[in-house]
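Here are some short exercises to work through with the structure open beside you. Try each task before you read its solution.

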Amino acid sequence: MYNSSETLEECLISVCEQDYPNYDVLVVDDFSRDNSPEIVKRYPVKMIRLDDNYGAATARNKGAEMASGEILVFTDTDVILERNCLSQIAEGMSNGNHHFSGIVGRLSDNSCPDNFASSYKNLYMHYTYGLLPDEVSVFYTSIAAIKKEVFHICKGFDTHYEGASIEDIEFGERVTARGYKFLINKNLMVKHLHRYSFSDLLKTGFKRAEGIIKIMLRKGFSKGEKSTYQSSPLSFRRGIYITFFLLVCLCLGTIFRQSLFFVTAFLLYFLMLGINFPFLNFLRKKRGWSFFFKSCGVIGLDMFAHGLGSLFGIFSYILGKKY
């Protein structure tokens with residue numbers, strides 16, 4: 001946790017009321033400046049307070065180091081767990097799935113902050129994780145479990161990452177590259193309490209894309225592996241390319257004052273919407289037509305933010321910033 005007083009109590013209640021009988025709770029305080037430590041003291045958990053703000057990777061590694069169980073379960077202080085969450089994980093890790101080293105869940109389709117940006121982001125994560133195959137390389141720390149032995153063999157999260165970034169994506173890729181396997185349980189769902197503004201939505205996409213492209217540059221784009229660095233569907237990634245062609249057409253149309261470029265840009269936008277219609281239709285079914293039409297506008301901006309993040313990641317990597 002770091003300055004988590006707004007959501008911490010709801011998270012701790014859900015963690016402490018699990019129906020699984022045998023577990024310990026460790027809360028790693030990454031040098032919070034608010035009253036989060038005082039809130040933690042009201043619950044039957046062990047708190048580990050770091051002497052500086054090191055970031056999520058270091059904090060999670062410290063918690064894993066101090067944990068006594070055979071299975072490590074990670075969650076965040078802006079997450080609410082269902083009461084049977086740990087039971088599902090324990091059953092999944094022992095019910096004929098011994099060849100899997102970890103289990104990953106996903107966000108539910110009900111986000112607690114109900115503003116547009118939070119709902120859009122939450123539903124996007126729910127939808128995309130629902131498309132993943134049973135065996136995945138993502139390690140989504142809103143709710144993810146791994147055998148402690150495997151965690152330590154793979155040396156935990158990369159502490160080069162500052163703050164809460166994409167250290168979980170990098171960790172999942174690194175673990176599965178060594179031959180270990182993660183199973184996604186799509187019924188293992190948690191609620192997300194984080195509130196996104198519209199600018200937060202775009203910034204998150206930018207930072208995520210920047211981080212992923214740097215992982216790919218550090219480790220190589222193709223190693224003949226089936227695992228993926230990301231959970232985004234192919235339609236979304238294609239939409240990013242289309243959005244850039246669209247912007248090029250708009251620029252050319254403005255420079256040369258030719259209507260053909262504007263018509264092409266208009267058609268490209270509808271092409272992008274078309275290939276992402278399954279996602280947009282999913283949003284319509286969950287939130288209605290008004291939400292659908294807003295999403296038709298926002299998805300293009302979201303893709304553009306991801307594309308800019310990718311470009312920025314490439315250039316900053318070339319200039320020597322590897323993380």
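**Exercise 1. Find which helices the buried residues of α8 pack against, then describe α8 itself.**

Step 1. In this predicted model, the buried residues of α8 pack against α5 (116-130), α7 (167-177) and α12.

Step 2. Now look at which residues those are: Leu201, Gly205, Arg208, Ala209, Glu210, Gly211, Ile212, Ile213, Lys214, Ile215 and Met216 are buried in α8. The list includes Arg208, Glu210 and Lys214 alongside Leu201 and Ile212.

Step 3. Check the length. Helix α8 covers residues 198-219, 22 residues in all. From first C-alpha to last, α8 reaches 32 Å, close to the 32 Å expected at 1.5 Å a residue.

Step 4. Look just past the end. Gly220 follows α8 and has a positive phi, near 100°.

**Exercise 2. Decide whether Ser119 is buried or exposed, and list its contacts.**

Step 1. Locate the residue: Ser119 is part of helix α5.

Step 2. Apply the cut-off: a residue is buried when its relative accessible area is under 20%. Ser119 has 2% relative accessibility, so Ser119 counts as buried.

Step 3. Leave out residues up to four places away in sequence, and the residues that Ser119 touches are Ser111, Pro113, Asp114, Arg287 and Phe291.

**Exercise 3. Work out where the partners of the salt bridge between Lys219 and Glu173 lie, and how accessible each one is.**

Step 1. Begin with the idea behind the pairing: side chains of opposite charge can pair when their charged atoms come close.

Step 2. Check the distance. A salt bridge needs a side-chain nitrogen of Lys or Arg within 4 Å of a carboxyl oxygen of Asp or Glu. The side chains of Lys219 and Glu173 meet at 3.9 Å, N to O.

Step 3. Place the partners: Lys219 is in helix α8 and Glu173 in helix α7, 46 residues apart, and the pair links distant parts of the chain.

Step 4. Widen the view. Glu170, Glu173, Arg174 and Lys219 are joined into one network by salt bridges that share partners.

Step 5. Judge accessibility. Lys219, at 22% relative accessibility, counts as partly exposed, whereas Glu173 is buried, with a relative accessible area of 3%.

**Exercise 4. Describe the salt bridge between Lys286 and Asp109 in the same way.**

Step 1. The side chains of Lys286 and Asp109 meet at 2.6 Å, N to O.

Step 2. This pair also links distant parts of the chain: Lys286 belongs to helix α11 (residues 277-287), and Asp109 to the loop between β5 (102-107) and α5, 177 residues apart.

Step 3. Lys286 is partly exposed at 36% relative accessible area, while Asp109 is buried at 18%.

**Exercise 5. Find where Glu9 and Arg42 lie, and sort each by accessibility.**

Step 1. The side chains of Glu9 and Arg42 form a salt bridge of 3.0 Å, N to O.

Step 2. Glu9 sits in helix α1 (residues 8-16), and Arg42 in the loop between α2 (36-40) and β2 (46-49), 33 residues apart.

Step 3. Glu9 is partly exposed, with a relative accessible area of 28%. Arg42 reaches 53% and counts as exposed.

**Exercise 6. Name the residues that make the nonpolar surface patch of about 460 Å².**

Step 1. The patch is made by Leu308, Leu311, Ile314, Phe315 and Ile318.

Step 2. Take Leu311 as an example: Leu311 lies in helix α12 (residues 289-318) and is partly exposed, with a relative accessible area of 37%.

Notes: Residues numbered from 1 in each chain as written. Predicted model: local features only at pLDDT ≥ 70, side-chain atom pairs only at ≥ 80, totals over all residues. Heavy atoms only, no water. Patch = residues over 30% accessible without salt bridge, like charges linked within 9 Å, V, L, I, M, F, W, Y side chains within 5 Å. Areas by Shrake-Rupley, 256 points an atom, 1.4 Å probe, with all protein chains shown as cover. Helix = DSSP H or I, 4+ residues; strand = E, 2+ residues; numbered from the N terminus. Buried < 20%, exposed > 50% of the residue type's maximum accessible area, 1.4 Å probe, protein only. Expected span 1.5 Å × (residues − 1). Contact = heavy atoms within 4.5 Å.
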